[in-house]
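Q: Please take a close look at a single part of this model. I would like its surroundings described as well.

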Amino acid sequence: MRAVIQNAVGGPDVLFVAEQPDPSPKPGEVLVRVKAAGINPVDGAVRGGFYPLLGEPPFTLGWDISGTVAALGAGVREFKVGDDVFGMPHFPKQAGAYAELATAPVDEIAAKPAAIDHARAAALPLAGLTAWQGLVRHGGLQAGQRALIHAGAGGVGHLAVQIAKARGAYVITTASPDKTDFVRAIGADEVIDYTREDFTRKAGNVDLVLDPIGGDHADQSLEVLRDGGVLVSLLNVHDATRAKAGARGIRVERMSVVPDRDGLVELARLVDAGKLSPHVAKTFPLEQAGAAHAFLATRPIGKIVLTV
């Protein structure tokens, strides 16, 4: 099979396509013929050596896949050859999504949403599960609550805005001026232009904050949370911030996404019900993985996807 590999950490130019041995599914796994692979910020961090999840190169990046079941491992009854599936297998271990073939445990994939193609389905797993687990599993978001979602046009943010709206929340989000129309169109009730406005002065009495930025930004988010609210951060939170939160009964959740078949099923249900639409800013062929990673650095709206 063809796969994108790297022999050293570094910039996008370290990525290249080479022939690799076809993987074989273990018991409880399926072999997926990958039609599309989503790209996430964590991919760039691992490629550059800033987040050494996969150890030393060589390795193949990527976790988001959408494709067709090509073979079944021993004991698999949940899927059959030819089924269209999507998911985020093996995270945070190597999944090798940037390839023509990849293996996946059956409890880490689900049937692809019927309403969208493979490219858009591949944009959904990691970012969608992050949003779902952050808002629902960690945040306990309920109908009628007020949620502040930072970076609402980003990969996680644009899905979180839609999920929060689907759950009946009042959604406030931050975005740059060129992205405000987009986040309004996907359902945000209030949009704060963070380049000109201080969100701590514009938002208030918030029940839940979903923060993909962390650090001082998490500390500032306490100012808009009600006593007893929830701060869900995708990055580390300072001990001082935790102490301030605790004094007001604010729960701080530092989360990392995990594979989650039930979450994938729920995301697919929302997509097929017309309540969730992953936005793909641009697709690139597998051979242009380096160019796709360079484009990721421009912080486009939504997601970037490799087509295989």
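A: What follows is an account of strand β6 and the packing around it.

The model is predicted: local features need pLDDT of at least 70, side-chain atom pairs count only at pLDDT 80 or more, and totals for chains, interfaces and linings use all residues. Residues are numbered from 1 along each chain as its sequence is written, and side-chain values use heavy atoms, with hydrogens and water left out.

Strand β6 covers residues 101-105 (strands are DSSP runs of E, at least two residues, and helices runs of H or I, at least four, numbered from the N terminus). It is largely enclosed by the rest of the structure, because 5 of its 5 residues are buried, meaning under 20% relative accessible area with a 1.4 Å probe, protein chains only. In a regular strand the side chains alternate between the two faces of the sheet. In β6, L101, T103 and P105 point one way, A102 and A104 the other way, and all are buried.

β6 runs antiparallel to strand β3 (residues 29-39), and 5 bridges join them; two strands pair if DSSP finds at least two bridges between them. E29 stands opposite P105 of β6.

V30 touches A102, T103 and A104, and its other contacts include V69, L72, F79 and I109, not counting residues up to four places away in sequence. Contact means heavy atoms within 4.5 Å. V30 is also among the residues that touch the most other members of the largest nonpolar core, which has 78 residues. Such a core is a set of buried Ala, Val, Leu, Ile, Met, Phe, Trp, Tyr and Cys residues joined through side-chain atoms within 4.5 Å. Helix α3 gives the most to this core, with 7 residues.

Notes. Buried means under 20% relative accessible area, exposed over 50%, partly exposed in between (1.4 Å probe, protein chains only).
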